[in-house]
Amino acid sequence: MKFPASVLASVFLFVAETTAALSLSSTYRSGGDRMWQALTLLFSLLPCALVQLTLLFVHRDLSRDRPLVLLLHLLQLGPLFRCFEVFCIYFQSSNNEEPYVSITKKRQMPKNGLSEEIEKEVGQAEGKLITHRSAFSRASVIQAFLGSAPQLTLQLYISIIQQDVTVGRSLLMTISLLSIVYGALRCNILAIKIKYDEYEVKVKPLAYVCIFLWRSFEIATRVVVLVLFTSILKTWVVVIILINFFSFFLYPWILFWYSGSPFPENIEKALSRVGTTIVLCFLTLLYTGINMFCWSAVQLKIDSPDLISKSHNWYQLLVYYMMRFIENAILLLLWYLFKTDIYMYVCAPLLVLQLLIAYCTAILFMLVFYQFFHPCKKLFSTSVVEGFQRWVRCFCWACRQQKSCEPIGKADLQSSRDRDETPSSSKTSPEPSQLMNAEDLCSA
């Protein structure tokens, strides 16, 4: 049985970020910054409440008679209690043998084109730990992108406006960045396990390192670009955010409406139609929040029973990073053109170049992960290198076609010019037959 390290990491980031945010909000209050205090508390307490609801929803405690658990969640102590419960189950399972086990069947990764199916015994304690890990993974994603991401953006914006970075603010920004990166990492792992549910997935340590570096560069660059643009053009950043928000929020619903599928009713048996709609809207909101800052790694599919598309779409990945790179470049260009005196001592061209290189570095680590460290890379129909080679071949073929069309176009143009010149020359110099007829008439 695996040590529940992911649960411990989730609870640590949850407690650390909440404590740092509350401490910093008290500092804002003592300094008279009521607006910064209110926003800091909002981005701290709102994800706390969502995390409590997520843990209750996954464990189905609302339909069970557990008043103490409900009280602890109301007091925002639910993650601590769940963590204590996880370690009690873990340490007790090593001493007791379970008489009842369930058997799960998983397929191994193909070796030499063959894939074997293996059976594994899962005890009740291990099943409970799996449920707890799944609940905390989802809670970490919610905390990261509905709380930590706007919190990091806010504190970095305050630091630039005030041109001062305090110890409390730097600590909160560091914890928030770690929380976002960890949430994105859990999102990647969840996407892999959902898409390849029938296979036994084992993620190597180097894969975790590669994902961590990929997400760190991507998220840090995105946050810095948004903050720089906000510090110069505060009105236009609202337009950028609204365009991003509605694009990602409405996209899954447009696909669902276009598919003509019936409204999903199998999310949770205890939920009514209104409750199902609220859950779907919340999932779409979370999906939007993730894509605002980084690639979500999963595609929300409302007409699917799992609500997740299990097909790996390289085209959507390519389009997302191309559009995001272009957007970041445009925002940096506008910041460079309209920057104010607060950036007097900043080398603007160098900063723009560093941010673009950092985003390209994130893309490079992503390609390295999918090429070498993805746990299910043997199941890919094409690898990253093969796709790049095909793209280069298509590009070279298009260039050759364009070059081969140029001589043909020039030849057609020359022939048309010759045809245009032929009638004009016939008017000035008559043909030999016409000259002979003229001489015969003169002699006669």
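Start by selecting Cys-396: this residue is partly exposed, with a relative accessible area of 34%. One thing to keep in mind as you click around is that you're looking at a predicted model. Now add Cys-399 to the selection, since that residue holds the cysteine sulfur closest to the one in Cys-396. The gap between the two sulfurs is 6.4 Å, so they're too far apart for a bond. To count as a disulfide, two cysteine sulfurs have to be within 2.5 Å.

Next, jump to Cys-187. Is this residue buried or exposed? With 7% relative accessibility, Cys-187 counts as buried. Select Cys-294 along with Cys-187, because that's where the closest cysteine sulfur sits, 7.1 Å away and again too far for a bond. How many disulfides does the rule give in the end? The count is 0.

**Salt bridges**

Time to switch from sulfur to charge. How many salt bridges does the structure hold? There are 4, and we'll visit some of them.

Go to helix 4, which covers 78-93, and pick out Arg-82 and Glu-85, both of which lie in this helix. These two form a salt bridge, with 3.9 Å between their closest N and O atoms. That fits under the cut-off, because a salt bridge needs the nitrogen within 4 Å of the carboxyl oxygen. Arg-82 and Glu-85 are 3 residues apart, about one turn of the helix. Both partners are buried, so try hiding the surface if you're having trouble spotting them.

Now move along to helix 7, at 205-232. Select Arg-215 and Glu-218, which make a salt bridge with their closest N and O atoms 3.1 Å apart. Because they're 3 residues apart in helix 7, about one helical turn separates them. As for cover, Arg-215 and Glu-218 are both buried.

Then head for helix 10, at 314-338, and select Arg-324 and Glu-327. Their side chains meet in a salt bridge, 2.4 Å from N to O. Here too the spacing is about one helical turn, because Arg-324 and Glu-327 are 3 residues apart in helix 10. Both of these residues are buried. Keep them on screen and add Arg-222: salt bridges with shared partners tie Arg-222, Arg-324 and Glu-327 into one network.

**A patch of lysines**

Turn the surface back on and color the lysines. Which ones gather in a patch of positive charge on the surface? Select Lys-2, Lys-111, Lys-193, Lys-202, Lys-204, Lys-377 and Lys-378. Zoom in on Lys-202, which you'll find in the loop between helix 6 (167-195) and helix 7 (205-232). At 62% relative accessibility, Lys-202 counts as exposed.

**Two backbone oddities**

For the last stops, look at the backbone. Select Gln-76, in the loop between helix 3 (67-74) and helix 4 (78-93). Its phi is positive, about 65°, although Gln-76 isn't a glycine. This residue is partly exposed, with a relative accessible area of 31%.

Finish at Ala-297, in the loop that runs between helix 9 (273-293) and helix 10 (314-338). Ala-297 isn't a glycine either, although its phi is positive, at about 70°. How does Ala-297 count, buried or exposed? Its relative accessibility is 6%, so Ala-297 counts as buried.

Methods
Residues numbered from 1 in each chain as written. Predicted model: local features only at pLDDT ≥ 70, side-chain atom pairs only at ≥ 80, totals over all residues. Heavy atoms only, no water. Helix = DSSP H or I, 4+ residues; strand = E, 2+ residues; numbered from the N terminus. Buried < 20%, exposed > 50% of the residue type's maximum accessible area, 1.4 Å probe, protein only. Patch = residues over 30% accessible without salt bridge, like charges linked within 9 Å, V, L, I, M, F, W, Y side chains within 5 Å. Areas by Shrake-Rupley, 256 points an atom, 1.4 Å probe, with all protein chains shown as cover. Lys, Arg positive; Asp, Glu negative; His and termini not counted. Charge placed at Lys NZ, Arg CZ, Asp CG, Glu CD.
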